[in-house]
Amino acid sequence: MVLDGEVARPGWLETSGGRILACGAGPPPRPTHDDFPDCTVVPGFVDMHVHGGGGASYTDPAGIIRAADFHVRQGTTTTLASLVTASPTDLLAGIRALAAASHEGAVAGIHLEGPWLSRARCGAHDPAQTRPPDPAEIEAVLAAGGGAIRMVTLAPELPGAGEAIRRFLDAGVVVAVGHTDATYDQTERAVDAGATVATHLFNAMPPLHHREPGPALALLQDPRVTCELIADGAHVHPAVLRAAIRAAGPGRVALITDAIAAAGCGDGAYTLGAIPIDVESGVARVRGASTIAGSTATMAEIFRVAATLAGVPAAVRMTAATPAGALGLERVGHLRAGHDANLVVLDADLRVRAVMVRGDWRVTRD
């Protein structure tokens with residue numbers, strides 16, 4: 001059992017009222033109700049960047065619960081639901097639907113990945129709908145969210161980005177830098193202004209160059225920044241992933257899925273917002289292009305990759321504690337007294353055997 005970052009062999013944990021009442025190393029002080037020999041218990045995964053899964057998308061109001069339930073079954077007990085670039089009308093409708101789901105507890109909040117992105121680095125977003133941040137639209141977005149918007153990704157080189165960063169920070173929203181063509185200096189200024197997250201580091205931004213280091217190096221080396229990384233084997237080469245973890249440390253790396261509706265499903269045709277997507281051999285790309293369009297990964301798969309690269313305690317930190325800290329979520333991300341009783345039981349192969357959400361078993365497998 002990984003208790004507050006430390007491995008206990010064996011370990012025990014007691015819950016009450018949806019919270020962890022007590023936990024510790026060694027034999028339990030009282031008879032146990034559930035026993036998992038030869039298993040590892042870790043905090044529930046926190047995915048701060050995910051668009052859907054199980055055939056459903058967070059852009060579809062009818063699919064929100066289905067997508068969230070799919071990821072719960074894979075060990076993600078805290079989800080920040082991501083919306084993609086859309087028209088002003090569609091964006092507000094998507095925010096209102098996810099705000100309702102957030103207030104009901106289905107998701108932990110909303111991540112707006114756009115529309116304030118670089119057209120040159122829009123990736124799988126609709127370039128026709130990317131636009132500079134507008135104060136009136138920002139106010140409308142915040143009002144529609146009703147406090148549910150937790151993070152916004154924007155390109156800091158866009159006109160009005162500095163004012164947008166300040167407004168979102170004033171509203172208690174985490175600002176992330178991503179889908180950007182910014183220079184190193186522009187990125188540094190955004191971090192100085194209060195941006196604290198790198199949206200899927202290396203992806204949808206200029207590659208590192210020895211004379212023009214660009215945003216990736218500025219974000220990777222700044223101790224104020226939490227770096228998202230997609231450890232699905234397609235978005236970032238394992239050698240680069242390993243180097244980034246070593247450079248930033250598990251306390252600044254948040255592993256994410258960036259999963260789309262195709263996660264948990266087979267190859268075939270899907271959509272991401274209004275963009276048609278084809279999945280072949282488990283890799284999602286914009287139809288007719290080489291552009292990667294999110295992933296088909298789950299946090300359980302990401303955890304196994306991280307455990308292989310960096311060990312179980314570091315994997316726990318990067319899939320739970322670090323993203324929770326980046327989002328300011330105070331009662332998730334650790335197994336410690338007073339926190340929500342969110343946990344994942346992994347078998348000897350680090351595959352999900354059981355999932356508890358706020359004290360209730362949601363998944364149990366033999």
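The questions below concern helices, aromatic pairs and salt bridges in a predicted model.

Q: Is H71 buried or exposed?
A: H71 sits in helix α1, which spans residues 64–73. Beyond its close sequence neighbours (within four places), H71 contacts V50, G52, G53, Y58, T76, A259 and A297. Its relative accessibility is 1%, and the cut-off for this class is under 20%, so H71 counts as buried.

Q: Which elements do the buried residues of α5 pack against?
A: Helix α5 covers residues 184–193, and its buried residues include Y184, T187, A190 and V191. These lie on the same side of α5, because they cover an arc of only 125 degrees around the axis. R189 and D192, on the other side of α5, are exposed. The elements packed against by the buried residues are α4 (161–170), β12 (174–177) and α6 (214–221).

Q: What phi does G194 take?
A: G194 comes just after α5. Its phi is positive, at about 130 degrees.

Q: How many residues apart in sequence are the parts that F45 and F303 tie together?
A: The whole structure has three aromatic pairs. One of them is F45 with F303, a tilted pair with 5.4 Å centre to centre and 35 degrees between the planes. F45 belongs to strand β6 (residues 45–50) and F303 to helix α8 (residues 299–310), so the parts tied together are apart in sequence by 258 residues.

Q: Where does W116 lie, given that F168 is in helix α4?
A: W116 and F168 form a tilted pair, 5.7 Å centre to centre with 45 degrees between the planes. The pair ties together parts 52 residues apart in sequence. W116 is buried, as is F168. F168 is in helix α4, whereas W116 lies in the loop between β10 (109–113) and α3 (135–145).

Q: Which residues are linked with D340 in a network of salt bridges?
A: D340 is buried, with a relative accessible area of 11%. Its side chain meets that of R19 at 3.2 Å, N to O, and that of R331 at 3.3 Å, N to O. R19 lies in strand β4 and D340 in the loop between α9 and β19, so the R19 pair ties together parts 321 residues apart in sequence. The residues linked with D340 are R19 and R331.

Q: What separates E163 and R166 along helix α4?
A: The side chains of E163 and R166 meet in a salt bridge at 3.9 Å, N to O. E163 is partly exposed at 49% relative accessibility, and R166 is partly exposed at 44%. Because E163 and R166 are three residues apart in helix α4, their separation is about one helical turn.

Methods:
Residues are numbered from 1 along each chain as its sequence is written. This is a predicted model: local features need pLDDT of at least 70, side-chain atom pairs count only at pLDDT 80 or more; totals for chains, interfaces and linings use all residues. Side-chain values use heavy atoms; hydrogens and water are left out. Helices (H or I, at least four residues) and strands (E, at least two) are DSSP runs, numbered from the N terminus. Buried means under 20% relative accessible area, exposed over 50%, partly exposed in between (1.4 Å probe, protein chains only). Contact means heavy atoms within 4.5 Å. The arc is that of the directions from the helix axis to the C-beta atoms. Rings of Phe, Tyr and Trp (its six-membered ring) pair if their centres lie within 6.5 Å; planes under 30 degrees apart count as stacked, over 60 as edge-to-face and the rest as tilted. A salt bridge is a side-chain nitrogen of Lys or Arg within 4 Å of a carboxyl oxygen of Asp or Glu.
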